[in-house]
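I opened my notebook to get to know a new structure, one look-up at a time. Come along and keep the view open while you read.

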Amino acid sequence: MPRSTLSAAEARRVALAAQGFGRPTPDTVSTRTLRAGIGRLGLLQIDSVNVFERSHYLPLFARLGAYDRRALDRLTMTGRSPHVEYWAHEAAFIPRDDLRLFRWKMDAFRARDAGPTRAEGVERTAVVRRELHALLHAEGPMPASAVEHESNVRRGPWWGWSDVKLGLEQMFRWGDAVSAGRSGFERVYALPDQVLPSGFLESAPGRPDAVRELVGRAARALGVGTRADIADYYRLRADDTAAAIADLQDAGVLLPVRVEGWREPAWLHADARVPRAVTADAVLSPFDPVVWFRRRAERMYGFHYRIEIYTPAPKRVFGYYVLPVLQDDALVGRVDLKSDRQQGVLRVRTAWQEPGTTLDPERLADTLRRVAAWQGLDAVQVTDRGTAAAQVAGALGVPLVPHVAADDGPAEGSTDAAVAVDDPDPAA
């Protein structure tokens, strides 16, 4: 019999099971396992900060354990990879075939950019875009840095660094250019027919059908969620999402449920499991689907989360690159991690226990040891900042290290603090 109500704890377990937690960790993580993991999530959000590890590597490690990051690079970073980039949430890797589901979004971006508030910028880069199209056609895929070098700033047809990058990003948003992997973590741009089958984007479904498919996938990945939760997953409009939810509810794909403590209506995916327990130990990327929609993280886990990398160091509360700590079905703490690759040390710059929760320091210590080994680091060091620092250091069997303010991470405006490396504007 379909469920009509869920307790708050059941909703957490449903959500985590849908995200791939609570499964046995495989002895060996194959390429097939990685592809299945991406398929379950639907996308991997991309972020430039590398103080610990780039964000898109972390969700699969949290769910699968240690794997070869080069294997994920082969799935995402080359022109013939089975995954490509697009604005699926923020900038994200998605299965190549799923790019067709965002054709409507490309058209929405184009229409938005032609509007009164952006038309001037689009007109200004018109010549640059034509030159870029001709260059890509003649020479093939290339990153922006191959075009925006010093010699073309003041001579030839080019209009300078900013207009070259802006023109490429406009073409990328509109589908006039697509990603052909990354080079040194810099996006490589290509014309669609250079990396996609002929007519690939032209055969895409219309907006209602594509949104309905994306809403169904988001709901499956979430397990249970409100309309806002489901819309956020692929950054869909509320009205489009509501219409798709109604269709999927009529089709029996989504089941309306009441969740204890939630004020808004919710929907349970028909394929969702309601496990009796979820066993999990992980540190989560700030851009993991479990926590990337901060309102959902607070409603579901009581976890108030704001990333502080743009906050000047003296004003940070928890640290520079803070990762939530998941133990079973609760977010019980947060740690600020840095991979010191020169010294071979995983630095735990702060460690905190969430008020009202029980953090097991021994389990967190084991998680940190696994993290360090996966990063190729030989030791874990804990700084004496945070309510759980002493317990975690004790569980690791290491002494606390005095906090040094200079190690808090870059201040606002630093190059290393550039999280939003791409234009994150959602489609209209």
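**Entry 1: the largest cavity**

How much space lies in the largest cavity? I looked it up in this predicted model, and the largest cavity holds about 50 Å³. My search of the whole structure found four cavities of 30 Å³ or more.

Next I asked which residues line the largest cavity. I noted Ala15, Leu16, Gln19, Ala221, Leu222, Pro289, Val290, Arg296, Met300 and Tyr301. Sorted by character, that lining has eight nonpolar residues, one polar and one charged. I also sorted it by element: α1 (8–18), α10 and α13 each give at least two residues. The most comes from α13, which supplies three.

**Entry 2: Arg296, seen again**

Arg296 was on my list for the cavity lining, so I followed its side chain, keeping in mind why such contacts arise: side chains of opposite charge can pair when their charged atoms come close. Which residue does Arg296 form a salt bridge with? The partner is Asp229, and the closest N and O atoms are 2.9 Å apart. Arg296 belongs to helix α13 (residues 294–301) and Asp229 to helix α11 (residues 227–233), so this pair ties together parts that lie 67 residues apart in sequence. I checked burial too, and both Arg296 and Asp229 are buried.

**Entry 3: more salt bridges**

How many salt bridges does a search of the whole structure find? I got 32.

I picked Arg207 and Asp240, whose side chains meet at 2.8 Å, N to O. This pair links distant parts of the chain, with Arg207 in helix α10 (residues 207–222), Asp240 in helix α12 (residues 238–250), and the two positions 33 residues apart. Is Arg207 buried or partly exposed? Its relative accessibility is 27%, so I wrote down partly exposed.

Then I turned to Glu169 and Lys165, which form a salt bridge at 3.5 Å, N to O. Both sit in helix α8 (residues 161–174), and because they are four residues apart there, about one helical turn separates them. Their surroundings gave me two separate notes. Glu169 has a relative accessible area of 5% and is buried. Lys165, at 22%, is partly exposed.

I also found that Glu169 and Lys165 belong to a network of salt bridges, in which they are linked with Glu85, Arg182 and Arg187.

**Entry 4: aromatic rings**

How many aromatic pairs does a search of the whole structure find? The count is 10.

I started with Tyr86 and Phe102. Their ring centres are 6.1 Å apart and their planes meet at 50°, so I call the pair tilted. Tyr86 lies in strand β3 (residues 83–87), while Phe102 lies in the loop between β4 (91–95) and α5 (103–113), so the pair ties together parts 16 residues apart in sequence. Tyr86 is buried, at 2% relative accessibility. Phe102 is buried as well, at 1%.

Phe303 and Tyr305 came next. With ring centres 5.4 Å apart and planes at 55°, this pair is also tilted. Both of these residues are buried.

Which residues form one aromatic cluster with Tyr86 and Phe102? I listed Phe172, Tyr189, Tyr233, Tyr234 and Trp292.

**Entry 5: arginines over rings**

Two arginines caught my eye while I was looking at rings. Arg299 lies over the face of Trp262, 4.7 Å from the ring centre. Arg334 lies over the face of Phe318, at 4.1 Å from the ring centre.

**Entry 6: the second largest pocket**

I closed the session with an open space. How much space lies in the second largest pocket? The value is about 290 Å³. Among its 17 lining residues, Thr25, Ala62, Arg63, Asp281 and Arg370 are the closest to the centre. The elements giving two or more residues to this lining are α3 (58–64), β11 (281–283) and α14 (361–374). The largest share, four residues, is from α3. By character, I noted seven nonpolar residues, six polar and four charged.

Methods: Residues numbered from 1 in each chain as written. Predicted model: local features only at pLDDT ≥ 70, side-chain atom pairs only at ≥ 80, totals over all residues. Heavy atoms only, no water. 1 Å grid on protein atoms, 1.4 Å probe; cavity = no way out; pocket = protein on both sides within 12 Å on 5 of 7 lines; lining within 4 Å. Points joined across faces, edges and corners; volume = space filled by probe spheres on them. Nonpolar A, V, L, I, M, F, W, Y, C, P; charged D, E, K, R; others polar. Phe/Tyr/Trp six-rings, centres within 6.5 Å; stacked < 30°, edge-to-face > 60°. Buried < 20%, exposed > 50% of the residue type's maximum accessible area, 1.4 Å probe, protein only. Lys NZ or Arg CZ within 6 Å of the ring centre and 35° of its normal. Salt bridge = Lys/Arg side-chain N within 4 Å of Asp/Glu carboxyl O.
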